[in-house]
Amino acid sequence: MQAANKFALVLVTAPDLKTARLLAKAALQARLAACANLVPKIESHYWWQGKLERSNEVLVLFKTSEARLAGLEKCILGKHPYDTPEFLVMPLSKGAERYLAWIGKSVEI
């Protein structure tokens with residue numbers, strides 16, 4: 001295992017698979033993420049505008065570098081249909097050396 005403090009996992013929810021695929025493609029084409037995993041059919045429960053809501057969503061997990069986070073956020077928030085899209089960053093502490101190297105090379109421009 002290698003220290004991974006230069007990398008992050010970003011969580012984004014989307015209303016459907018089509019939107020999730022569009023967000024993933026935009027981020028990948030711009031080299032803002034090395035990988036985007038789409039996890040369909042999650043059920044989200046949340047407070048929105050004073051009411052308890054429930055909806056079916058798709059979770060997108062982006063693997064990226066700390067250096068690309070600002071660009072990824074701008075891309076996702078600019079293309080997302082939600083008024084207040086989820087964009088949560090989870091810094092990584094450790095990871096497999098070859099995988100981390102692959103992330104770094106994948107997001108280089």
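Which residue in β4 is the bridge partner of N37? The partner is L61. This is a predicted model, and that pair is a convenient way into its sheet.

The sheet is open and has four strands. Their order is β3-β4-β2-β5, and the pairing is antiparallel. Two strands stand at the edges: β3, residues 35–48, and β5, residues 88–91. Each has a single partner strand, so one side of each is left without a neighbour in the sheet. From one strand to the next, the twist averages 30 degrees. Strands of a sheet pair through backbone hydrogen bonds, either parallel or antiparallel.

Take the pairings in turn. β3 and β4 are joined by 12 bridges in the antiparallel sense. The two strands form a hairpin with two residues between them. In this hairpin, Q49 takes a positive phi near 50 degrees. Next come β2 and β4, antiparallel over eight bridges. Here L9 has K63 of β4 as its bridge partner. A14 is likewise matched in β4, with V58 as its bridge partner. Finally, β2, residues 7–14, meets β5 through four bridges, again antiparallel. A8 stands opposite P91 of β5, and L9 stands opposite M90 of β5. L9 therefore has a bridge partner in β4 and a residue facing it in β5. How enclosed is β2? Seven of its eight residues are buried, so this strand is largely enclosed by the rest of the structure.

Now turn to the helices on the sheet. Helix α1, residues 17–29, lies across β2, β3 and β4. Its direction is about 130 degrees to that of β3. Helix α3, residues 97–106, also packs on the sheet and touches β2, β3 and β4. The direction of α3 makes about 95 degrees with that of β4.

K18 belongs to helix α1. Is K18 buried or exposed? K18 is exposed, with a relative accessible area of 63%. K18 and V58 are 40 residues apart in sequence. In space, their C-alpha atoms are 9.5 Å apart.

What fills the interior? The largest nonpolar core has 20 residues. Those with the most contacts inside this core are V10, V12, V60, F62, L72, I76 and F87. At least two residues come from each of β2, α1, β4 and α2, the last spanning 69–79. Helix α1 gives the most, with five residues. V12 shows how the parts meet. Beyond residues up to four places away in sequence, V12 touches L23, V58, L59, V60, F62, I76, H80, E86 and F87. Another core, of six residues, lies apart from the largest one. Among its members are A4, F7, A34 and V107.

Helix α3 deserves a closer look. Its buried residues are L100, I103, G104 and S106. These pack against β1 (2–3), β2, β4 and β6 (94–95). The structure also holds one aromatic pair. Y99 and W102 form this pair, which is tilted. The ring centres are 5.2 Å apart, with 45 degrees between the planes. Both residues lie in α3, three residues apart, about one turn of the helix. An α-helix has 3.6 residues a turn, so residues three or four places apart point the same way. Y99 is partly exposed, with a relative accessible area of 37%. W102 is partly exposed too, at 36%.

One polar detail remains, back in the edge strand. S44 sits in β3. S44 is buried, with a relative accessible area of 14%. Which side chain makes a polar contact with the side chain of S44? The side chain of E57 does, at 2.4 Å. Leaving aside neighbours within four places in sequence, S44 is in contact with E53, R54, S55 and E57. E57 thus appears both in the polar contact and among the contacts of S44.

Terms used. Residues numbered from 1 in each chain as written. Predicted model: local features only at pLDDT ≥ 70, side-chain atom pairs only at ≥ 80, totals over all residues. Heavy atoms only, no water. Pairing = 2+ DSSP bridges. Axes fitted to C-alpha atoms, helices over the stretch in contact; angles between N-to-C directions. Contact = heavy atoms within 4.5 Å. Buried < 20%, exposed > 50% of the residue type's maximum accessible area, 1.4 Å probe, protein only. Polar contact = N/O pair within 3.5 Å; in protein donor to acceptor, adjacent residues only side chain to side chain. Phe/Tyr/Trp six-rings, centres within 6.5 Å; stacked < 30°, edge-to-face > 60°. Core = buried A, V, L, I, M, F, W, Y, C linked by side-chain atoms within 4.5 Å.
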